[in-house]
Structures are given as C-alpha cells and as structure tokens.
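Welcome, and thanks for opening the viewer. Let's walk through this structure one selection at a time.

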Amino acid sequence: MRVTKSMAKKRVAILISGRGSNMTALIEAARSPDYPAEIVLVVSNRPDAAGLASAARAGIATVVIDHRPFGEDREAFERALDDVLRGHRIELVCLAGFMRLLTAWFVARWSGRLINIHPALLPDFKGLHTHSRALAAGVKAHGATVHFVAAEMDSGPIIAQESVSVLDDDTEESLAARVLAVEHRLYPRALRMVAEGGSTATAVPETDFSARGK
Ligand code: GRF
C-alpha cells in the first residue's frame, strides 16, 4: 500500500557532549532546501562542549542541561531533557558524540525516533576506543554505523553503514580520521532516510522504522 508522505520537514534535535563535527555535518546537510529534516535544537550535557559554539554560529538554538547536579539520578536528568525536547516540538533525536548512557525509560519514550552514530561496523566493537580495538583485532574492514537506539548500548536496528579498508600502516589516528570522514556523509544520509520514512498513520511499510513505537 502506498503511504502519503508528509511534506513538512521533521523537527530534529542533536544531542552532543563535545566537538560536534557530526552535528555540523547534519546542520550543513539540512541547509539543503530538499532535505526532509530541519535541525532546530542542539542540546549538550556539558557546558564546555565545543560544538555549542559551532551550533550557535550556525544560528541553531542551544540548550545546556548539565548532568552533574542530577548526580546518580539518570532519569531525573532525562526528564529535564525530555521536557526541553517536547518544548521544542522535536520529532527526531540524533545522538552525535553524546556521552551519556540513556535509561530504558528514555529509550522507550523516544523509540523509533532516537538515532545514534557509532564509529565501528556494529555489531563489532560496541563501546569506546573502537579504532584501537579494530587495529588490535587485525580486521581488514572497519567503518561507521547509524542505528536506532535500543536500551542495550550500541544496539538497535541498523539504518546505514559504510566501511573503510584498514591499511597496513594505519595508526589509531589515521584510521579514526578516515572513519570520521565517512561518518560525516553517512549520518546525513541516514537521517534523510529516517525523516523520509515518516508516514501518515494509515500504513507502515516494512522498511519504515520511524513509525515504530509511536
Ligand atoms: C564520533 O566518532 C561518533 O561516532 C562517536 O563520537 C564521536 C563524536 O565526534 N559517537 P563529534 O563530536 O561528532 O566530532
């Protein structure tokens, strides 16, 4: 069955904790008039995240929700985050170097509308230090993955992946740089797929993850 695609651009928030180069790649891509999503908000859990200044320079609203006053209460931090996202009528959330583990509560609340980029070919090399671990394992192919977020870290349905060859003389730095260049084109492509997948409530094609859990 054909579904009617909404012409309205999806309202997207990007969550960061640091440099924000993937955030910038998404902001740049979304400048294109035919891009199906608009970046309306950047949220950082760290007041000193370099990406905040880049977002502000690009004219995007920024909010800092410092996680530290919430202590161990992850859900209280996430309720504050959820309030901000809802206040900005956010439809899709992109994690881009956001260094907080999310609780099952938040993940369920944003199920099918929460995506992440991971610098490895999932399901290989979940977690941190993916490039040095890939080199140590001697893999010939490495890369990046964009996926929907599930409660378990670095898991959830894969939206897009792109690989790079691992070269004999690669260092952690050279491999990281090549993967990062891949990330910067992969994330905008994956967000486009998710945003275009948004459909009216009448039918859900099998490839349309974006309507899950709504
Ligand atoms: C990227 O490698 C991303 O895949 C990982 O954290 C890094 C963030 O880099 N989750 P940046 O802040 O987007 O520059």
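## A tour, starting at helix H5

Among the elements covering the buried residues of helix H5 are S6 and H6. Keep in mind as you look that this is a predicted model.

Start by selecting helix H5, residues 130-137. Which of its residues are buried? They are Thr 130, His 131 and Ala 134. Turn the view so that you look down the axis of H5: these buried residues fall within an arc of 100 degrees, so they line one face of the helix. Step just past the end of H5 and you meet Gly 138, whose phi is positive, at about 75 degrees.

Now go back to the loop between S5 and H5, where Pro 123 is found. The peptide bond joining Leu 122 and Pro 123 is cis, with omega at about 10 degrees. That loop between S5 and H5 also holds Phe 125. Phi of Phe 125 is near 55 degrees, a positive value in a residue other than glycine. Is Phe 125 buried or exposed? It has 22 C-beta neighbours inside 10 Å, so Phe 125 counts as buried.

For another stop, select Arg 89, in the loop between helix H3 (74-87) and S4. Arg 89 also has a positive phi, near 50 degrees. Here the surroundings are sparser in number: Arg 89 has 10 C-beta neighbours inside 10 Å and therefore counts as exposed.

Next, show the strands. Seven of them make an open sheet with mixed pairing, in the order S3-S2-S1-S4-S5-S6-S7. At the edges stand strand S3 (61-64) and strand S7 (158-165); each has a single partner strand, so one side of each is left without a neighbour in the sheet. On average, neighbouring strands are turned by 20 degrees against each other, direction ignored. Zoom in on S5 and strand S6 (residues 141-148): the two run antiparallel and are joined by four bridges. Here you can find Ile 117 opposite Val 146 in S6.

Add helix H1 to the view. H1 lies across strands S1 (10-16), S2 (37-44), S4 (92-95) and S5, and runs at about 155 degrees to S2.

Finish at the ligand. How many residues surround it? There are 14, and the closest are Arg 19, Ser 21, Asn 22, Gly 97 and Pro 119. Helix H1 (21-30), strand S5 (114-118) and helix H6 (172-197) each give two or more residues to this shell, with the largest share, three residues, coming from H1. Colour the shell by residue type and you should find six nonpolar, six polar and two charged residues.

Conventions. Residues are numbered from 1 along each chain as its sequence is written. This is a predicted model: local features need pLDDT of at least 70, side-chain atom pairs count only at pLDDT 80 or more; totals for chains, interfaces and linings use all residues. A residue is near a molecule or strand if its C-beta atom, placed from the backbone, lies within 6 Å of it. Ala, Val, Leu, Ile, Met, Phe, Trp, Tyr, Cys and Pro count as nonpolar, Asp, Glu, Lys and Arg as charged, and the others, Gly among them, as polar. Two strands pair if DSSP finds at least two bridges between them. Axes are lines fitted to C-alpha atoms, for helices over the stretch in contact, and angles run from 0 to 180 degrees between N-to-C directions. Two residues are in contact if their C-beta atoms, placed from the backbone, lie within 7 Å. A residue is buried if 20 or more other C-beta atoms lie within 10 Å of its own, exposed if 12 or fewer, and partly exposed in between; C-beta atoms are placed from the backbone. The arc is that of the directions from the helix axis to the C-beta atoms.
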